[in-house]
Amino acid sequence: MDAALVEEIPLLDLKTQHRSIRGEVMAAMERVIDGQQFILGPEVEALEREVAAYCGVPHAVGVSSGTDALLLALMALEIGPGAEVITTPYTFFATAGSIHRAGARPVFLDIDLRTFNLDPARLEAAITPRTRALLPVHLFGRCADMEAILAMARRRGLKVIEDAAQAIGAERGGRRAGSFGEAGCFSFFPSKNLGGYGDGGLVTARDPDLAEKMRVLRVHGMKPKYCHKHIGGNFRIDALQAAGLRVKLRRLDSWSEARQANALDYQRRFSEAGLAGKEVVLPEIPPDRHVFNQYVILAKDRDRLKEHLRSRRIGCEIYYPVPLHLQECFRPLGYQEGDFPNSEKAARESLAIPVYPELTGSQKERVVGAIREFYRGKA
Ligand SMILES: *Cc1c(COP(=O)(O)O)cnc(C)c1O
C-alpha cells in the first residue's frame, strides 16, 4: 500500500477533540475578551475553585506553567540553597530543573520499572541531614506509591511536593493526585490530559497559609500593593486559559475513562497478537485510577520499531531518551551511567503509542498490527 494514502494516526489528536467543544470554548474566550479582564479575576478564581474540588483539596493557585508550579511550591516552602530534594531521574526535565532553579540540589533515586515511578524501597538510603523534601512524579498518569512516600516523609520530617503534571484525576487509595503532599503541581501544557490553549499550570495546597503565600509570590511577592516582603515572580495563569480550561474540565472524566478503555483494549489486542510479555512489556493497569496521559510500552529493538511505526504513519515518541542524571547540565552533580539501571533501561526501551480518548478500534488495530508486522513479518 502507498504509505502516503494511509491515514495518519497521531500520538495525540487535539483537532478532533477541539471539534467537539469548539462552540463552548470560543464563547468562553469571547466572554473574557469582551470583558477585557485578562489578568487573574473571576475566570481564574473559578478555575481554581473547580480544580481544587476536582482534586479533593481546599486550595488551588493558578500559575503560568507546570514548571512554574514546581518552582513556586519550592519557593513558598523555602526549599533553597543547602537543601536536597529527592526525586526521580526518569521524568520530564522540569522536575529537576525547578529544584536547581530554586537553589536546591536534586538527589536522584531509581524507579520501579513496573510503574515507572520512584521506588520507595530505596528512599531511606538516600536521605541525608540536608534532605528537606521528597518530590515524586506521578509519571504517565499513574500515582507514585504515596503511602510509602508519606510514611517516610512523616518519619523523617520532610515536605512532599507532588509533580502531578501528567496525572490530573489519577487516584491512589481513593485520594487524588495533588491531595497527598504539601503541594501538588499541575501543568496545562496542551499535551496533558487537561490541556490549555498555550502554557498554564496550577498548584494545589491543603494549608491555607501556604496557598496564600503562593498567591503573593505569584505577583512578585507584592502585598499590599507595591509593598514587597518577599521576592516572587510573575507566575500568573491567563484568564483566557482559565476560561478555556473550565470548559475542558467538565469533560475530563469522560476523556480519562476513554483513555482507560483504550489501555484495557490494547491489553487484549497485544495478548491476542502474542506480543505481550514477549517482545513488548505492557504498562500495568493498577487497581487505582490510572489516567494514561501516555501509554508506554517497553519494546525490544525500540529504535527500529519507532522508525517502523513512523513509516506506517503511526505517531509514537520516546519518553524519555536521556534520564536526568545523565544530562550534560547535571554533570556537576557527579552521577554516572550505571547509577540508575532501571531508569536507563526505561530510556532505552520505552515507547509511547497513541492512547488519546478519540482513538478508534480500527486505529488501535492498525497500531497493534504494525507492531506485530515489525516483530513477526507480514501482519
Ligand atoms: C509537562 C511536565 C512538567 C512541566 O509542565 P510545563 O507546563 O510544560 O511547564 C513538569 N513535570 C512533568 C512530569 C511534566 O510532564
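On a 1 Å grid over the protein atoms alone, a cavity is a set of points where a 1.4 Å probe fits but cannot get out, and its lining residues have an atom within 4 Å of a point. Grid points are joined across faces, edges and corners, and a volume is the space filled by probe spheres set on the points. The model is predicted: local features need pLDDT of at least 70, side-chain atom pairs count only at pLDDT 80 or more, and totals for chains, interfaces and linings use all residues. Residues are numbered from 1 along each chain as its sequence is written, and side-chain values use heavy atoms, without hydrogens and water.

Four cavities of 30 Å³ or more occur in the structure, and the largest has a volume of about 70 Å³. Its lining includes Arg114, Phe116, Phe140, Glu284 and His290. By class, five lining residues are nonpolar (Ala, Val, Leu, Ile, Met, Phe, Trp, Tyr, Cys and Pro), three are charged (Asp, Glu, Lys and Arg) and three are polar (the others, Gly among them).

Two helix pairs follow, helices being DSSP runs (H or I, at least four residues) numbered from the N terminus. The axes, lines fitted to C-alpha atoms over the stretch in contact, of α3 (residues 66-76) and α4 (residues 94-101) come within 9 Å and cross at roughly 40°. Contact (heavy atoms within 4.5 Å) involves, among others, Leu70 and Leu74 of α3 and Ile99 of α4.

For α10 (residues 302-311) and α12 (residues 361-376), the axes come within 10 Å and cross at roughly 130°. Among the residues in this contact are Leu305 of α10 and Phe374 of α12.

Methods: Axes fitted to C-alpha atoms, helices over the stretch in contact; angles between N-to-C directions. 1 Å grid on protein atoms, 1.4 Å probe; cavity = no way out; pocket = protein on both sides within 12 Å on 5 of 7 lines; lining within 4 Å.
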